[in-house]
Amino acid sequence: MRIGIIFNIDKEALLSCFPLQTDKAEFGNYCVSYGAPAVNTLIHSFLQAGHFVRIFTLAQRSFTIITDQIEIYATEVYNRYPIKYLWGTFTDAHALRKLMQGHLNDLDVLHAHWTYQNAYAALFYEKQIPVFCTVRDIASYIWWIESVKNKVTWSFRVLMNWMVFRHKKKIHFIANSPYTAAIIKKKYHIDVPIIPNSIKDSFIKYDNHLSPKAFKILCISSSNDKRKNVKALLYAFKTFRLRHPEATLQLVGPPFVDGDTIIENWKHEGLLQQVELIGGIPHDKLVEYIDRCSIFVTPSLEETFGNTLLESIVRKVPVIGGLHSGAVPYVLHHGEAGYLCDVSKPECICQALEYVYSHPQEVANKAEEAYQIILSEYTEGIVCQKHIELYKKFIIKN
């Protein structure tokens, strides 16, 4: 099958797909870092299954790379202040729409990810090709939880999200969890199929997990906003460390670096004692940190899925997530594949950490059970096939 994909490509994740050094330089210099592991994994699974993929993306500069099995068409992202924070998403959508002209005739489907500029650009071609869109966040929730400053930017994204769903008869929407599907049903009155995110095959561990001698907690987050709720974990860790002074916490992700305003505020509040700031790292290197931890914690107040939970589970590491955090209970099979607590309350996170610390054998058994559950549902091959079956259903209709 020949599949078109629209999303902001991650240079680290797909660099190995390009054998020529000139292509690697072009791709590596102008694409984003640490972006969309769920989509990168999906693309990888398509390629592994022998499908052709053509990617349309925003980048720091326009370029084109063509190989036998994968092609990239990049257009320059609008980067002028302050417009990029206002209606820049509409400007980017127009650029993507122009980028795709003349490059869709030989494709079977076009699949946009997120309901913003990617989906808005794609819907103009719905008469030419079946158009799909995976809904990967809830725009109205993010707007509500954002700071006053960021609400201005998100107001334009909420508007574009509304405009995309206004054309719900032109796009075949996909939800990545029952949580996302239920919100789409409630807000837009449409039933959508559910296809979960997949776990990268290279992440799957086949030998045992060896816990470190000193209790080590790991948290991975792509942002540091109220939704990700990392500060609640810091408060919980501060209390936990009073009883277990040998414990450490690692924070992995682009926001967790010295000099960041929020990080400096945490230092002044005394919340970073025995906390290691790792910063952003390539996705494949996450396993090095997961393998060296005792427990993985996702303190997010809301997730439409939660890939880091899957990634930790298939490394046979026990996990803690939010009892009321969107799709997190679904991913953790409502407690069968991990420990759930009210992450809005630091004392509840601390209690969950204490339980895991005090019941090592039970925790190890649950981690093994979780591993088997996740492998039965979320591998690359399984999730790839679900997409292909859905694509074929609408290709036949057209």
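This report covers a six-stranded sheet, the surroundings of Ser221 and several salt bridges in a predicted model.

Local features need pLDDT of at least 70 and side-chain atom pairs count only at pLDDT 80 or more, while totals for chains, interfaces and linings use all residues. Residues are numbered from 1 along each chain as its sequence is written, and side-chain values use heavy atoms, with hydrogens and water left out.

**Sheet**

Six strands form an open sheet with parallel pairing, in the order S10-S9-S8-S11-S12-S13. Strands (E, at least two residues) and helices (H or I, at least four) are DSSP runs numbered from the N terminus, and two strands pair if DSSP finds at least two bridges between them. Strand S10 (275–279) and strand S13 (339–341) are the edge strands; each has a single partner, so one side of each lacks a neighbour in the sheet. On average, neighbouring strands are turned by 25 degrees against each other, direction ignored; the axes are lines fitted to C-alpha atoms, and angles run from 0 to 180 degrees between N-to-C directions. Strands S8 and S11 (residues 295–297) run parallel and are joined by two bridges. Leu218 has Phe296 in S11 as its bridge partner.

**Ser221**

Ser221 sits in the loop between strand S8 (216–220) and helix H9 (230–243). With a relative accessible area of 8%, Ser221 is buried (buried means under 20%, exposed over 50%, partly exposed in between; 1.4 Å probe, protein chains only). The Ser221 side chain reaches the backbone oxygen of Ser223 at 2.6 Å. Leaving aside residues up to four places away in sequence, Ser221 touches Lys228, Val230, Val252, Gly253, Pro254, Pro255 and Phe256, where contact means heavy atoms within 4.5 Å.

**Salt bridges**

The structure holds 18 salt bridges, each a side-chain nitrogen of Lys or Arg within 4 Å of a carboxyl oxygen of Asp or Glu. Three of them are listed with the distance between the closest N and O atoms.

| Acidic residue | Basic residue | Closest N and O atoms |
|---|---|---|
| Asp284 | Lys200 | 2.7 Å |
| Glu303 | Arg227 | 4.0 Å |
| Glu288 | Lys285 | 3.8 Å |

Asp284 lies in the loop between S10 and helix H11 (286–290) and Lys200 in the loop between helix H8 (178–188) and S8, so this pair ties together parts 84 residues apart in sequence. Asp284 is partly exposed at 42% relative accessible area, whereas Lys200 is buried at 12%. Glu303 is buried at 11%, and Arg227 is buried at 10%. Glu288 is partly exposed at 36%, and Lys285 is partly exposed at 40%. Elsewhere, a network of salt bridges links Arg2, Arg54, Glu71 and Asp106.

Notes
Polar contact = N/O pair within 3.5 Å; in protein donor to acceptor, adjacent residues only side chain to side chain.
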